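Biologist: Hi, I'm new to this one. Could you pull it up and walk me through it?

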Number of protein chains: 2
Amino acid sequence: MALQQTLRALSDPIRREILHLLKKGRMAAGDIVSHFEVTGASISRHLSVLKEADLIRDCREGKYIYYELNASVLEEILLWLAELKGAETHD
Amino acid sequence: MALQQTLRALSDPIRREILHLLKKGRMAAGDIVSHFEVTGASISRHLSVLKEADLIRDCREGKYIYYELNASVLEEILLWLAELKGAETHD
DNA sequence: TTAACATTTAACCTAATTGTTAAATGTAGT
DNA sequence: ACTACATTTAACAATTAGGTTAAATGTTAA
């Protein structure tokens with residue numbers, strides 16, 4: 001997977017927040033949506049960007065589609081990077 | 001400096017290539033421009049995005065403005081990150 | 001098979017990004 | 001002061017990104 005896609009995917013605050021949520025464990029799309037003010041359609045597209053960037057995986061279970069982090073390491077690196085730069089911990 | 005700005009700045013391939021160039025040492029704006037196909041005006045704006053993200057610093061010397069990396073560490077991290085993900089080394 | 005629910009996809013709108021050219025700014029040399 | 005050069009800023013066009021609502025898809029259960 002290209003670096004370009006990964007960085008582009010990470011450049012949006014909602015997508016980073018989604019990764020942050022998934023750090024705790026997998027979640028159904030609907031549960032993810034409920035953490036944000038935007039519509040499900042909007043989150044669904046964010047999820048597809050993250051998926052194309054290979055940062056998350058999805059797996060359908062019945063009528064739910066669960067998402068899980070594909071590279072939890074990445075979040076760790078970013079947190080470290082943020083601290084290195086003396087930035088706010090996330091966002 | 002906010003993570004948002006850093007990641008946004010890093011999400012453009014030209015800007016990443018500029019950082020890559022600056023890894024070797026400081027360069028005048030014009031020299032940077034000559035490495036790309038786009039106009040000086042366009043590169044100038046890319047430079048200002050990188051500067052706002054605090055990834056580079058500038059210092060005027062006579063009629064030249066030299067740019068230098070402000071966080072060479074960052075490039076290292078990204079290269080490592082790219083390898084971790086099994087991606088192309090840069091871009 | 002119909003109804004209800006979860007999620008995605010399509011169509012559309014607006015705002016942001018990136019590029020261009022032309023004008024403005026800053027500096028050096030004559 | 002004038003000219004030449006290096007770089008940025010302004011104004012504009014084209015593209016991309018992110019949001020919305022409405023329609024489509026997939027799944028379960030009656």
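Modeller: Here is a short tour, starting with how to read the model.

Modeller: It's a predicted model, where local features need pLDDT of at least 70, side-chain atom pairs count only at pLDDT 80 or more, and totals for chains, interfaces and linings use all residues. Residues are numbered from 1 along each chain as its sequence is written, chains are lettered from A and ligands numbered from 1 in the order in which they are written, and side-chain values use heavy atoms, leaving out hydrogens and water.

Biologist: Cool. Which residues come nearest to DNA strand D?

Modeller: A:Thr39, A:Arg45, A:His46, B:Gly30 and B:Tyr67, out of 23 residues around DNA strand D (a residue is near if one of its heavy atoms lies within 4 Å). Sugar and phosphate make up 75% of the atoms of DNA strand D that come within 4 Å of the protein.

Biologist: And how far is A:His46 from a phosphate oxygen of DNA strand D?

Modeller: A polar side-chain atom of A:His46 is 2.5 Å from one. For B:Ala29, a polar backbone atom sits 3.1 Å from a phosphate oxygen of DNA strand D.

Biologist: Which element gives the most to the surface near DNA strand D?

Modeller: That's α4(A), with four residues (helices are DSSP runs of H or I, at least four residues, and strands are runs of E, at least two, numbered from the N terminus).

Biologist: New topic: how many disulfides are there over all chains?

Modeller: Zero, a disulfide being a pair of cysteine sulfur atoms within 2.5 Å.

How values were computed:
Polar contact = N/O pair within 3.5 Å; in protein donor to acceptor, adjacent residues only side chain to side chain.
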